Amino acid sequence: MTAETAPPPGSAEAPPATPAAEEFVRVQQSPEFAELRRSQRSFAFPLTVAFIAWYLLYVLLSSYAGGFMGTKLFGNINVALVLGLAQFATTFLIAWLYSRHAAAKLDPKASAIKARMEAGA
């Protein structure tokens, strides 16, 4: 576990100034920040709704369509097992897609906002 500490006295590296509360409010109300939030929400909300619907479909099929879920596909592998494993695959797929989206679209915008705040502009 590491802890960030202040640079030693006489060091050329000074810690960045902490922005005032008013600066955070100003940035939060800026069009650039609104675009960052819109970009994040337009990706996260639809995928969240889709995954919850997919999960509820699995639960409902497990509860009310036992015959269908018990249908053997090959060997001892049935529909329920395949759909259950697909839940895990979907989770990892969504995490990977979000990671790519964040790296490509969100991180550059957030870094630009952060840099401007730290510079006091």
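Hi everyone. A quick definition to start: pLDDT is the predictor's confidence in each residue, from 0 to 100. We need that because what you have on screen is a predicted model. Its mean pLDDT is 87, and 83% of the residues reach 70 or more. Broken down by element, helix 2 comes out with the highest mean, 95, while helix 1 has the lowest, 83. A word of caution for the remaining residues: where pLDDT is low, the predicted coordinates should not be read in detail.

Let's spend most of our time on helix 4. Helix 4 covers residues 79-119, which makes 41 residues. From first C-alpha to last it reaches 57 Å, close to the 60 Å expected at 1.5 Å a residue. Even so, there is a bend in helix 4 of about 45°, located at Ala102. Ala102 is also one of the buried residues of this helix.

Which other residues of helix 4 are buried? Going along the chain, we have Val79, Leu83, Gly84 and Gln87, then His101 just before Ala102, and after that Leu106, Ile113 and Met117. As for their partners, the buried residues pack against helix 1 (21-28), helix 2 (31-64) and helix 3 (66-69), and also against strand 1 (72-74) and strand 2 (77-78).

Now for the two ends. At the N-terminal end, Asn78 acts as the cap: one of its side-chain oxygens sits 3.3 Å from the backbone nitrogen of Ala80. At the other end, helix 4 is followed by Gly120, which has a positive phi, near 80°.

Just before the helix, Ile77 is worth a stop. Ile77 belongs to strand 2. With a relative accessibility of 26%, Ile77 counts as partly exposed, since buried would need under 20%. Setting aside neighbours within four places in sequence, Ile77 has contacts with Thr71, Lys72 and Val82.

Last topic, the aromatics. How many aromatic pairs does a search of the whole structure find? It finds 1. The partners are Phe43 and Tyr98, in a tilted arrangement, with 5.8 Å centre to centre and 45° between the planes. Phe43 is in helix 2 and Tyr98 in helix 4, so this pair ties together parts that are 55 residues apart in sequence. Is Phe43 buried or exposed? Phe43 counts as buried, because its relative accessibility is 19% and the cut-off is under 20%. Tyr98, at 30%, counts as partly exposed.

That's my tour, thanks for listening!

How values were computed
Residues are numbered from 1 along each chain as its sequence is written. Side-chain values use heavy atoms; hydrogens and water are left out. Helices (H or I, at least four residues) and strands (E, at least two) are DSSP runs, numbered from the N terminus. The expected span of a helix is 1.5 Å times one less than its number of residues. The bend at a residue is the angle between axes fitted to the seven residues ending there and the seven starting there. Buried means under 20% relative accessible area, exposed over 50%, partly exposed in between (1.4 Å probe, protein chains only). Contact means heavy atoms within 4.5 Å. A polar contact is a pair of N or O atoms within 3.5 Å; within protein, one must be able to donate a hydrogen and the other to accept it, and residues adjacent in sequence count only if both atoms are side-chain atoms. Rings of Phe, Tyr and Trp (its six-membered ring) pair if their centres lie within 6.5 Å; planes under 30 degrees apart count as stacked, over 60 as edge-to-face and the rest as tilted.
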